Amino acid sequence: MTSYVDHHDRPPDRKATLFCQQCGHSSAPSGDWIVRDVVDGYVYDCPDCGHEITHRKRFDRTSSWVPADD
Ligand SMILES: [Zn+2]
């Protein structure tokens with residue numbers, strides 16, 4: 001008789017779940033979002049409706065860096 005808890009699968013982190021404000025699609029940050037690589041980080045798009053979910057900055061600290069206008 002085995003009664004051990006299986007730890008091979010991480011429990012879902014509800015706090016980390018992202019939601020689409022447009023269509024209600026929900027998934028973990030590592031889920032099925034369309035991740036686009038942009039100049040200052042990553043943009044998560046909804047796979048269902050294409051709505052932008054979140055913009056993850058590549059740098060966390062407050063930066064004085066501004067994109068040059070050429
Ligand atoms: Zn959506």
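What percentage of the 70 residues of the protein count as buried? The figure is 7%. The model on display is predicted, and the stops below proceed from the whole chain to the sheet, then to the core and the loops.

**Whole chain**

Begin with the entire protein coloured by secondary structure. The view shows 0 helices and 5 strands, and from the N terminus the elements follow one another as β-β-β-β-β. As for contacts between residues at least 6 apart in sequence, 27% of them link residues at least 24 apart.

**The sheet**

Select β3, β4 and β5 together. These 3 strands make an open sheet with antiparallel pairing, in the order β3-β4-β5. At its edges are β3 and β5, each of which pairs on one side only. Ignoring direction, neighbouring strands of this sheet are turned against each other by 20° on average.

Next, restrict the selection to residues 34–38, which are strand β3, and residues 41–45, which are strand β4. The two run antiparallel and are joined by 5 bridges. Between them, a hairpin makes the connection through 2 residues. Two bridge pairs may be displayed here: Arg36 has Val43 of β4 as its partner, and Asp37 is matched with Tyr42 of β4. With β3 still selected, consider its burial: the strand is hardly covered, and 0 of its 5 residues count as buried.

Now keep β4 and add residues 52–57, which form strand β5. This pairing is also antiparallel, and 5 bridges hold the register. Two positions of β4 serve as markers. Gly41 has Lys57 of β5 as its bridge partner, while Val43 faces His55 in β5. Val43 is thus a useful residue to centre on, with Arg36 of β3 as a bridge partner and His55 of β5 standing opposite. While inspecting the side chains in this region, one general point may be kept in mind: in a regular strand, side chains alternate between the two faces of the sheet.

The hairpin of β4 and β5 has 6 residues between the strands. Select Gly50 within this hairpin; its phi is positive, near 85°.

**The core**

Which residues make up the largest nonpolar core? Select Cys20, Trp33, Tyr44, Cys46 and Ile53, 5 residues in all.

Centre first on Ile53. Apart from neighbours within four places in sequence, Ile53 is in contact with Leu18, Cys20, Trp33, Tyr44, Asp45 and Cys46. Several of these are fellow core members, among them Cys20 and Trp33.

Move to Trp33, which is in the loop between β2 and β3. Is Trp33 buried or exposed? Trp33 is buried, because 20 other C-beta atoms lie within 10 Å. With neighbours within four places in sequence set aside, its contacts are Leu18, Ser27, Tyr44, Asp45, Cys46, Pro47 and Ile53. A distance label can be added between the C-alpha atoms of Trp33 and Val43, which are 10 residues apart along the chain; the separation is 9.4 Å.

**Two loop residues**

From Trp33, step to its contact Pro47. Pro47 sits in the loop between β4 and β5. It is classed as partly exposed because it has 15 C-beta neighbours inside 10 Å. Beyond neighbours within four places in sequence, Pro47 touches Asp32, Trp33 and Ile34 in the contact list. A further label can be drawn to His25: although 22 residues separate Pro47 and His25 along the chain, their C-alpha atoms are 8.5 Å apart.

The last selection is Ala28, located in the loop between β2, residues 26–27, and β3. Ala28 has 14 C-beta neighbours inside 10 Å and therefore counts as partly exposed. Display Leu18 alongside it: Ala28 and Leu18 are 10 residues apart in sequence, and the C-alpha to C-alpha distance is 5.8 Å. Leu18 has already appeared on this tour, as a contact of Ile53 and as a contact of Trp33.

Key. Residues are numbered from 1 along each chain as its sequence is written. This is a predicted model: local features need pLDDT of at least 70, side-chain atom pairs count only at pLDDT 80 or more; totals for chains, interfaces and linings use all residues. A nonpolar core is a set of buried Ala, Val, Leu, Ile, Met, Phe, Trp, Tyr and Cys residues joined through C-beta atoms within 7 Å. A residue is buried if 20 or more other C-beta atoms lie within 10 Å of its own, exposed if 12 or fewer, and partly exposed in between; C-beta atoms are placed from the backbone. Two residues are in contact if their C-beta atoms, placed from the backbone, lie within 7 Å. Two strands pair if DSSP finds at least two bridges between them. Helices (H or I, at least four residues) and strands (E, at least two) are DSSP runs, numbered from the N terminus. Axes are lines fitted to C-alpha atoms, for helices over the stretch in contact, and angles run from 0 to 180 degrees between N-to-C directions.
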